[in-house]
Amino acid sequence: MAPRTFIRRCAGLTALAISMAAPALVQAQALVPDVQRGQQLVESRCFACHSLDANRAGPALRGVVGRKAGKAEGYFFSEAMAAATHTWTVAGLKAWLTNPEKVVPGQEMNYYLTEARDREDVVAYLASVSKPAQK
Ligand code: HEC
């Protein structure tokens, strides 16, 4: 094999190795949610309608992980949400934030996050504030 051809082949293999490794790296990042970034996202995207401890246009979000859907105290849910029987989990909230209508048809939130990374971080933050406020 001429040395030049050899070099070219090696370069090709390196490029291939990088292209195969890249998706794995992206996935690894997605698995480590950033709670602080999640807090910023919740404050900028969700607090237009929600807060942690008060019901606004949407129900209070503190403690939502592990809470029964559609049962936040003192909040008047849509019929569809009030009839929901599931308990919010991390996975369930990610699904909700991907497409609420698919999780609870007839719900009235009609807001979602298009980026998987944003959903990861938002739900990680919600899970981190899932204990009732200290009084
Ligand atoms: C435009 C207003 C609006 C925005 C923005 C919004 N929500 Fe909501 N959200 C609502 C409403 C209204 C409901 C109640 C829906 C119903 O009763 O059908 C709700 C319900 C929910 C519920 C169900 C709570 C429960 O107790 O079952 C969760 C969880 C939730 N929102 C999370 C979020 C998150 C996280 C964001 C930001 C990424 C967000 N929402 C952004 C209006 C909004």
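In what order do the elements of the protein chain run from the N terminus on? Colour the chain by secondary structure and read along: α-α-α-α-α-α. That comes to 6 helices and 0 strands. Keep in mind that this is a predicted model.

**Whole chain**

Stay zoomed out for a moment. The protein chain has 135 residues, of which 18% count as buried. Now think about contacts between residues at least 6 apart in sequence: 52% of them join residues at least 24 apart.

**The ligand**

Select the ligand and show its surroundings. The shell holds 28 residues. Label the closest: Cys46, Cys49, Gly58, Ser78 and Met81. Next, highlight α2 (35-46), α3 (79-82) and α4 (90-98), the elements that give two or more residues to this shell. Colour the shell by residue class, and it divides into 20 nonpolar, 5 polar and 3 charged residues.

**The α2 and α6 crossing**

Keep α2 on screen and add α6, residues 116-128. Their axes come within 7 Å and cross at roughly 95 degrees. An angle of 65 to 115 degrees counts as roughly perpendicular, so α2 and α6 are roughly perpendicular to each other.

Show side chains at the contact. From α2, pick Val35, Arg37, Gly38, Gln39, Leu41 and Val42. From α6, pick Asp118, Asp121, Val122, Ala124, Tyr125 and Ser128. By class, this contact has 6 nonpolar, 3 polar and 3 charged residues.

**The nonpolar core**

Which residues touch the most other members of the largest nonpolar core? Select Leu93, Val122 and Leu126. The core has 17 residues in total. α4 and α6 each supply at least two of them, and α6 gives the most, with 5 residues. In soluble globular proteins, nonpolar side chains tend to be buried together.

Centre on leucine 126. Leaving out residues up to four places away in sequence, leucine 126 touches Leu61, Val64, Val65 and Leu93.

**Leucine 52**

Last stop: go to the loop between α2 and α3 and select leucine 52. Is leucine 52 buried or partly exposed? Count 16 other C-beta atoms within 10 Å. Buried would take 20 or more, and exposed 12 or fewer, so leucine 52 is partly exposed.

Now show the contacts of leucine 52. Beyond its neighbours within four places in sequence, they are Ala60, Leu61, Arg62 and Val129. Draw a distance line from leucine 52 to valine 129. These two residues are 77 apart along the chain, yet their C-alpha atoms are separated by 8.3 Å.

Terms used. Residues are numbered from 1 along each chain as its sequence is written. This is a predicted model: local features need pLDDT of at least 70, side-chain atom pairs count only at pLDDT 80 or more; totals for chains, interfaces and linings use all residues. A residue is near a molecule or strand if its C-beta atom, placed from the backbone, lies within 6 Å of it. Helices (H or I, at least four residues) and strands (E, at least two) are DSSP runs, numbered from the N terminus. Ala, Val, Leu, Ile, Met, Phe, Trp, Tyr, Cys and Pro count as nonpolar, Asp, Glu, Lys and Arg as charged, and the others, Gly among them, as polar. Two residues are in contact if their C-beta atoms, placed from the backbone, lie within 7 Å. Axes are lines fitted to C-alpha atoms, for helices over the stretch in contact, and angles run from 0 to 180 degrees between N-to-C directions. Angles under 35 degrees count as roughly parallel, over 145 as roughly antiparallel, 65 to 115 as roughly perpendicular and the rest as oblique. A nonpolar core is a set of buried Ala, Val, Leu, Ile, Met, Phe, Trp, Tyr and Cys residues joined through C-beta atoms within 7 Å.
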